[in-house]
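User: I would like to go through the terms used for this model and see what each one rests on. Please set each value against its definition.

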Amino acid sequence: MDEPFVYANLAVTLDGKIASFDREDFPLGSKADRLEMDRLRAKADAVIWGGETLRTARHPARVREESLVSERVERGLPPHPANALITKSGDFPETLPWFSAEEIERLIFTAPEGASRLGAAREAGAEIVVLDKAESLAGQVLAYLGERGMKNVLIEGGGSLVWEFARHIDEFHVTLTPWLAGGASAPTLMDGPGFRSGEFLGLTLEEVRREGDELFLRYKAKRE
Ligand SMILES: NC(=O)c1ccc[n+]([C@@H]2O[C@H](COP(=O)([O-])OP(=O)(O)OC[C@H]3O[C@@H](n4cnc5c(N)ncnc54)[C@H](OP(=O)(O)O)[C@@H]3O)[C@@H](O)[C@H]2O)c1
């Protein structure tokens with residue numbers, strides 16, 4: 001089974017942050033960025049979020065533009081991509097709207113301790129997949145989604161999750177927004193422990209588009 005095509009989409013401030021130091025919900029991007037996000041979601045079989053991103057957003061990732069929803073349905077796809085959550089702790093309020101969004105396929109990849117806290121999500125129809133901590137997180141998640149026939153997987157963040165999937169991401173879509181956030185602890189496009197100099201991931205810039213004060217950038221990962 002081939003691994004799905006994996007693409008990431010995030011909006012960043014000029015200083016590379018994806019949120020403020022307190023991780024409060026703030027729309028960095030404009031209407032044009034939200035439309036771009038919708039277009040990219042519309043191409044996805046699954047959208048993946050880390051636990052912190054869900055704690056901020058609370059609701060699932062949906063395609064909001066009706067014409068894009070109709071195009072998906074005409075292609076025989078569900079109206080919205082499946083939502084996949086990565087969480088070790090499983091620590092979320094039982095009333096989280098994401099859990100009860102029964103019209104969307106929801107998968108939760110977690111550790112054994114997380115699974116024991118996710119009874120409410122399971123009862124609401126979410127599928128719980130327990131990860132083997134000895135194996136690579138990204139490898140397991142992508143193999144599982146691939147076996148389910150998913151061909152296009154969109155990583156929407158946050159920065160910790162991009163780090164976990166970094167070596168598997170084929171394409172990065174980045175919206176450079178006209179904000180400066182600062183804050184040494186604010187999440188960035190990719191966090192985690194980081195690569196040593198000389199071991200950075202190489203990218204090729206494939207597309208640049210300007211709309212208003214934003215730049216829409218598309219990079220392909222260089223593979224050795
Ligand atoms: N500007 C943008 O485009 C954009 C996009 C996405 C998010 N954001 C913002 O970014 C912030 C969140 O980013 P973040 O980097 O702090 O967090 P994140 O990547 O959303 O989530 C991190 C969480 O993912 C889970 N996780 C990560 N690695 C794991 C592993 N190996 N095994 C199991 N679970 C794992 C853990 O969840 P548990 O804690 O549940 O165990 C961890 O705490 C929020 O403020 C959000 O609004 C912005």
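User: What makes the pair formed by a backbone N or O atom of Gly51 and an oxygen atom of the ligand a polar contact?

Analyst: First, the basis: this is a predicted model, in which local features need pLDDT of at least 70 and side-chain atom pairs count only at pLDDT 80 or more, while totals for chains, interfaces and linings use all residues. Residues are numbered from 1 along each chain as its sequence is written, and side-chain values use heavy atoms, with hydrogens and water left out. A polar contact is a pair of N or O atoms within 3.5 Å; within protein, one must be able to donate a hydrogen and the other to accept it, and residues adjacent in sequence count only if both atoms are side-chain atoms. The Gly51 atom lies 3.1 Å from the ligand oxygen, so the pair qualifies.

User: Which ligand atom does a backbone N or O atom of Ala11 approach, and what is the distance?

Analyst: A nitrogen atom of the ligand, at 2.8 Å. A polar backbone atom of Glu52 is 3.2 Å from an oxygen atom of the ligand. Of the ligand's own 930 Å² of accessible area, the protein covers 82% (Shrake-Rupley method, 1.4 Å probe; for residues, only the protein chains shown count as cover).

User: Which element supplies the largest share of the shell around the ligand?

Analyst: H2, with five residues. Helix H2 spans 51-57 (helices, H or I, have at least four residues and strands, E, at least two; both are DSSP runs numbered from the N terminus).

User: Why is Thr13 called buried?

Analyst: Buried means under 20% relative accessible area, exposed over 50%, and partly exposed in between, with a 1.4 Å probe and protein chains only. Thr13 has 2% relative accessibility, so Thr13 counts as buried. Thr13 sits in the loop between E1 and helix H1 (31-42), and its side chain makes a polar contact of 2.6 Å with the side chain of Asp15. Leaving aside residues up to four places away in sequence, Thr13 touches Leu28, Leu176, Thr177, Trp179, Leu180 and Ala181 (contact means heavy atoms within 4.5 Å).

User: How many helices and strands does the chain have, and why is it called as compact as a globular protein of that length?

Analyst: The chain has seven helices and nine strands. Its radius of gyration is 17 Å, close to the 17 Å that the globule rule gives for 224 residues, so the description holds. The radius is taken over C-alpha atoms, and the rule is 2.2 Å times the number of residues to the power 0.38. Buried residues make up 45% of the chain.
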